[in-house]
Amino acid sequence: MRTVRAPGRMGMRREADAGGRRDPAPSRLAFRVERLWLTPGFRKAVRLGLPSALILGVLAGWLGDGARRAALQQSLADLRESVENRPEFMVGLMAIDGASEPVANAIRGMLPVTLPASSFRIDLEALRATIAQIDAVASAELRIRKGGVLQVTVTERVPAVLWRRGTALEMLDAGGHRVATLLDRVARPDLPVIAGEGAETNVAEALAILKAAEPIRARVRGLVRVGERRWDVVLDRDQRLLLPETGPVAAIQRVIALDQAEDMLGRDLTVVDLRNENRPTVRIAEPAGEGETEVETKVSGQ
């Protein structure tokens, strides 16, 4: 007898295919696309990159026309100007505090725009740096106050000495910075005079010497820097104190102590040489027509 087997799973599938039913297995192309879609980079490129590229393409095509670009630029410029020229952004006045009249006039001349002007057109930091270049200005602070006021607060350098440079007189502050040129010595009789090579770089030491010489300050005519290393104190009556390179303040104090004890500087002396601490000497003026005699003496307060 012949045995008939029931059709298996493969046979049933073939029969189903023969009957016109669709195979549920994905095609090779669909399988690859699905694998790509599972990749994060591919999904991001489709969701973000493709729309962005489309927008950029449309924008590039629209801006490709020169007339459209010019119109867009003009519109942006008009919008910016309308914002900058709003009343709340306008500066109408400049207020300057702490500056003398010549410095204030110089600062007004440095303003890069004519007031009233928009605050957007005033570079405060650049203007502050320009003002700081004025010799008489130590520092400057700028800000825009309510009401459209440009506030400039200036700290000026304080003249401490007059530096004689050839025939010119320069006012210097305590740090040796130039303040201004003085046309006439009579304009600042309160300021002491320094001279000589390197005097302008040793203003602090000169001021210390002048402070120590306060008891005879009325007789001091000025300080002269000698050899760029030491000072001479010039007094009236053609007297000169030769100070040492080191310890000039102590040396001038010894001279003042001796003068207060024995009225040394009231005598007919021309030079008090203190360069050698162990051997100070004085030079006594001889009567007219005769030479000068140098007398060695000990300078002390006793």
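## Overview

Of the protein's 302 residues, 29% count as buried. The model is a predicted one. Its secondary structure comes to 8 helices and 15 strands. The accessible surface is about 20100 Å², and carbon and sulfur atoms hold 54% of that area. Among contacts with a separation of 6 or more, 43% join residues 24 or more positions apart. The structure also holds 15 salt bridges.

## Nonpolar cores

The largest nonpolar core has 31 residues. Ile194, Leu223, Val233, Leu241 and Val272 have the most contacts inside this core. The elements giving it two or more residues are two helices, H7 (203-212) and H8 (248-262), together with strands E6 (161-165), E10 (220-226), E11 (230-235) and E13 (269-273). A second core, separate from this one, has 25 residues, and includes Leu111, Val152, Met171 and Val179.

Val233 gives a local view of the largest core, being one of the residues with the most contacts inside it. With neighbours within four places in sequence left aside, Val233 is in contact with Ile209, Val220, Gly222, Leu223, Gln239, Arg240, Leu241, Leu243 and Ile252. Two of these partners, Leu223 and Leu241, are themselves listed with Val233 for the most contacts in the core.

## The salt bridge of Asp232 and Arg240

Arg240, a contact of Val233, also meets Asp232 in a salt bridge between side chains, with an N to O distance of 3.2 Å. The two partners differ in burial: Asp232 is buried, because its relative accessible area of 5% is under the 20% limit, whereas Arg240 is partly exposed at 31%. In general, side chains of opposite charge can pair when their charged atoms come close.

## Helix H5

Helix H5 spans residues 101-110, and Val103, Ala104 and Ile107 in this helix are buried. These three cover an arc of only 100° around the axis, so they lie on the same side of H5. An α-helix has 3.6 residues a turn, so residues three or four places apart point the same way.

Which residues are exposed on the other side of H5? They are Glu101, Pro102 and Gly109. The buried residues of H5 pack against one helix, H6 (124-132), and against strands E2 (93-97), E4 (137-145) and E5 (149-156).

## A salt-bridge network around Glu170

Asp135, Arg165, Glu170 and Arg178 are linked in a network of salt bridges. Within this network, Glu170 pairs with Arg165, the closest N and O atoms being 3.0 Å apart. Glu170 also forms a salt bridge with Arg178, where the closest N and O atoms are 2.8 Å apart.

Is Glu170 buried or exposed? Glu170 counts as buried, because its relative accessibility is 4%. Its two arginine partners are partly exposed: Arg165 has a relative accessibility of 44%, and Arg178 has one of 33%.

## Ala180 and strand E8

Ala180 lies in strand E8, which covers residues 178-182. With a relative accessible area of 23%, Ala180 is partly exposed. Neighbours within four places in sequence aside, Ala180 is in contact with Leu169, Glu170 and Met171. One of these contacts, Glu170, belongs to the salt-bridge network, and another, Met171, belongs to the second nonpolar core.

Ala180 and Pro159 are 21 residues apart along the chain, and their C-alpha atoms are separated by 8.6 Å.

## A nonpolar patch on the surface

Leu36, Trp37, Phe42, Val46 and Leu50 make a nonpolar surface patch of about 440 Å². The elements that give two or more residues to this patch are helix H2 (28-37) and helix H3 (40-63). H3 supplies the largest share, 3 residues.

Phe42 is one of the patch residues, and its place is in helix H3. At 32% relative accessibility, Phe42 counts as partly exposed. Patch residues need over 30% relative accessible area, so a partly exposed residue such as Phe42, at 32%, can take part.

Definitions and conventions: Residues numbered from 1 in each chain as written. Predicted model: local features only at pLDDT ≥ 70, side-chain atom pairs only at ≥ 80, totals over all residues. Heavy atoms only, no water. Buried < 20%, exposed > 50% of the residue type's maximum accessible area, 1.4 Å probe, protein only. Helix = DSSP H or I, 4+ residues; strand = E, 2+ residues; numbered from the N terminus. Arc of directions from axis to C-beta. Contact = heavy atoms within 4.5 Å. Patch = residues over 30% accessible without salt bridge, like charges linked within 9 Å, V, L, I, M, F, W, Y side chains within 5 Å. Areas by Shrake-Rupley, 256 points an atom, 1.4 Å probe, with all protein chains shown as cover. Salt bridge = Lys/Arg side-chain N within 4 Å of Asp/Glu carboxyl O. Core = buried A, V, L, I, M, F, W, Y, C linked by side-chain atoms within 4.5 Å.
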